[in-house]
Amino acid sequence: MQRYFISEDQINNNTVSIKGSDVHHIMHVMRKKVGDKVEVVTYEGKLYLVSIVSINKEMVVCEIEKSIFTEYKPINLVLGVALIKRDNFELVLKKTTELG
């Protein structure tokens, strides 16, 4: 199931508004239609199962069907990198940043 990240202000009562580049991804890449279900996650860690109510070029409007409890468990990770050439170090830095 597809998962999209949103901010809390995109939730209004029982409605979720998905904006930005995610709209293109939902419409054209995943080819979702009205009635399809996706998961949305807030930056605070709340997970919702939603169904798509309407789709247009600027916004995808969804209705919350279920709030799923998730327990956020942060991890501490230490990355050790040997002294390597600059190009390879930049690649390690790039991939580490992509992982978060």
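## E65 and its partner K37

E65 is partly exposed, with a relative accessible area of 42%. Keep in mind as you look around that this is a predicted model. Which residue does E65 form a salt bridge with? The partner is K37, and the closest N and O atoms of the two are 3.2 Å apart. E65 belongs to strand β6 (residues 59-68) and K37 to strand β4, so this pair links distant parts of the chain, 28 residues apart.

K37 also counts as partly exposed, at 35% relative accessibility. Both values fall between the 20% and 50% limits, and therefore neither residue is called buried or exposed.

## R3 and E39: a second link to β4

The structure holds five salt bridges. Another one of them joins the side chains of R3 and E39, at 2.8 Å from N to O. R3 sits in strand β1 (residues 3-6), while E39 sits in strand β4 (residues 37-42), so the pair ties together parts that are 36 residues apart in sequence.

Is E39 buried or exposed? E39 is buried, because its relative accessible area of 15% is under the 20% limit. Its partner R3 is partly exposed, with a relative accessible area of 44%.

## A bridge inside helix α2

Now let's move to a helix. K95 forms a salt bridge with E98, and their closest N and O atoms are 3.6 Å apart. Where do these two residues lie? Both are in helix α2 (residues 86-99), three residues apart, which is about one turn of the helix.

K95 counts as partly exposed, at 42% relative accessibility. E98, at 52%, counts as exposed because that value is over the 50% limit.

## A nonpolar patch on the surface

Salt bridges involve charged side chains, but the surface has something else to look for. Which residues form a nonpolar patch there? They are L79, V81, I84, F89 and L93, and together they have about 430 Å² of accessible area.

Try finding I84 in the structure: this member of the patch lies in the loop between β6 and α2. At 39% relative accessibility, I84 counts as partly exposed. That value is over 30%, so I84 passes the accessibility cut-off for patch residues.

How values were computed
Residues are numbered from 1 along each chain as its sequence is written. This is a predicted model: local features need pLDDT of at least 70, side-chain atom pairs count only at pLDDT 80 or more; totals for chains, interfaces and linings use all residues. Side-chain values use heavy atoms; hydrogens and water are left out. A salt bridge is a side-chain nitrogen of Lys or Arg within 4 Å of a carboxyl oxygen of Asp or Glu. Helices (H or I, at least four residues) and strands (E, at least two) are DSSP runs, numbered from the N terminus. Buried means under 20% relative accessible area, exposed over 50%, partly exposed in between (1.4 Å probe, protein chains only). Patches are made of residues with over 30% relative accessible area and no salt bridge: like charges are joined within 9 Å, nonpolar side chains (Val, Leu, Ile, Met, Phe, Trp, Tyr) within 5 Å. Accessible areas come from the Shrake-Rupley method with a 1.4 Å probe; for residues, only the protein chains shown count as cover.
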